[in-house]
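Colleague: Got a minute to go through this one with me? I'd like to start with the strands and then jump to a helix.

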Amino acid sequence: MSDDRFRKWVTEYATSILRTCFVYLGDAALAEDAMQETFFRAWRQMDSFRGERAQSEKSWLMRIAINICHDYQRSKWNRNVDTGRSLDELSMGDSSEPMENRLAVLDIAALPEKLKQVILLYYYHDMTVREIAKTLGVSPSIVSVRLKKARGILERMWKEDAP
Amino acid sequence: MKLDNIGKSIDSVLSGMDVSDEKIENICDQARQQPKQQPGYASKRRTVLPVMVVVLLFSLLAAALGSSPVNHTVSVADGHLEVFFEGTGVEPSEQEKQDGIEPGGLAGLYGESFAKQYADFGTYMPLPLWIPDGFYIDSMDYSESGDSFKVLQGCFTDGTDKTISVRIKRYSENADSSIIHFMDESTLETWHINGFEFAYYQNYEDHDLLWLGDRCELKIHGNIDRDTMRKIAESVAWPEFK
């Protein structure tokens, strides 16, 4: 039973978690490691989730993924890895993709970590402010404030990017 | 670019970044080889020095509170601090209720919804009675987790990006696991205020003050200055705990 449930989680969320990790970390190899580690940790803690957590499985998985990305981000910083190139290469790889979309992803990736978290969860994972608050362990008000701040920064960036 | 299109842009730009069926099988196979943790299990694999300091401080806190019936154990899991409460809670006496905060009087500061939920909380909990001028209640949130715990939170704002939140949390007798605090990148101190001990930690612009009692907690969070945090803590009324 738990095998089926776990497989359903991986099938359903692996790709979106991988892409989230990539935008978060800016490095394809690290993103893949972070995605896998998310599911390994979810497997180990599955029984805790069933027993205690009053949140959706998606929120729970995203919480794990974000904690892992946060850890990776710190160790990456310590190792002085240059993440910009990897992100640029991958996002610019497909020339048929409109420049506007590529720049949008790069701009999101360039946001400060806390702002990037809320933007990814709200706009990419379609989570509500309340769900994000539970996922990040902060109040809904703080999520709203961070969203407002992130939107302001992105809108300014996109104005500057506009021809 | 419109904000609502962010999701589509990410999927479109990263369309080549998929997890194949083969990869899914691989993840499932590798996961199955890993042992599952029992509920409440706390891995120490990622334990770091700052968190160990926190554990020590919570132990000292339990000892320092003395007559206050704190009975909990602390452990570390994946960079989080987990506190497990045990024992029986102490409900306030009628006299204590009379000496305590008048729930109706809270409405002016915390708003009517918060005050009403506080009155229904069943246990009189400590609460700050001073919030800096210019801040007003922005939202309140009340939730229950089955028969495990209930939590009431009020969020204040001054209209800018400054926020202050006050959270009280109460665990039922059935609760075996409770709070999880994100501790890394934090500095930690112990603050003694009006005879009560708070754990204080700061993470960049965010400040947190935490007091733990018997199956209950008060947490004050704000991206405000440290002195203001102290003033808020000094204003806390302790109806049940004196």
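Modeller: Sure, here is a quick run through some strands of chain B and a helix of chain A.

Modeller: Ground rules: this is a predicted model, where local features need pLDDT of at least 70, side-chain atom pairs count only at pLDDT 80 or more, and totals for chains, interfaces and linings use all residues. Residues are numbered from 1 along each chain as its sequence is written, chains are lettered from A and ligands numbered from 1 in the order in which they are written, and side-chain values use heavy atoms, with hydrogens and water left out.

Colleague: How many residues of strand S10 in chain B are buried?

Modeller: Eight of the eight, across residues 206–213. Buried means under 20% relative accessible area, exposed over 50%, and partly exposed in between, with a 1.4 Å probe and protein chains only. Strands are DSSP runs of E with at least two residues, helices are H or I runs of at least four, and both are numbered from the N terminus.

Colleague: And which residues sit on each side of S10(B)?

Modeller: Asp206(B), Asp208(B), Leu210(B) and Leu212(B) are on one side, with His207(B), Leu209(B), Trp211(B) and Gly213(B) on the other.

Colleague: In what sense do S10(B) and S11(B) pair?

Modeller: Antiparallel, over seven bridges, with S11(B) covering residues 216–222. Pairing here requires at least two bridges found by DSSP between two strands. Gly213(B) has Cys216(B) as its bridge partner, and Leu212(B) is opposite Glu217(B).

Colleague: What's in the turn of that hairpin?

Modeller: Two residues separate the strands, and Arg215(B) in the turn has a positive phi of about 55 degrees.

Colleague: Which other strand pairs with S11(B)?

Modeller: S6(B), residues 163–171, is also antiparallel to S11(B) over seven bridges. Arg170(B) stands opposite Cys216(B) there.

Colleague: Switching to chain A: what end-to-end distance does helix H7 have?

Modeller: The end C-alpha atoms of H7(A), residues 113–124, are 15 Å apart, which agrees with the 16 Å expected for 12 residues at 1.5 Å a residue. That expected span is 1.5 Å times one less than the number of residues.

Colleague: Is H7(A) mostly covered or mostly open?

Modeller: Mostly covered, with nine of its 12 residues buried; Leu115(A) and Tyr124(A) are among them.
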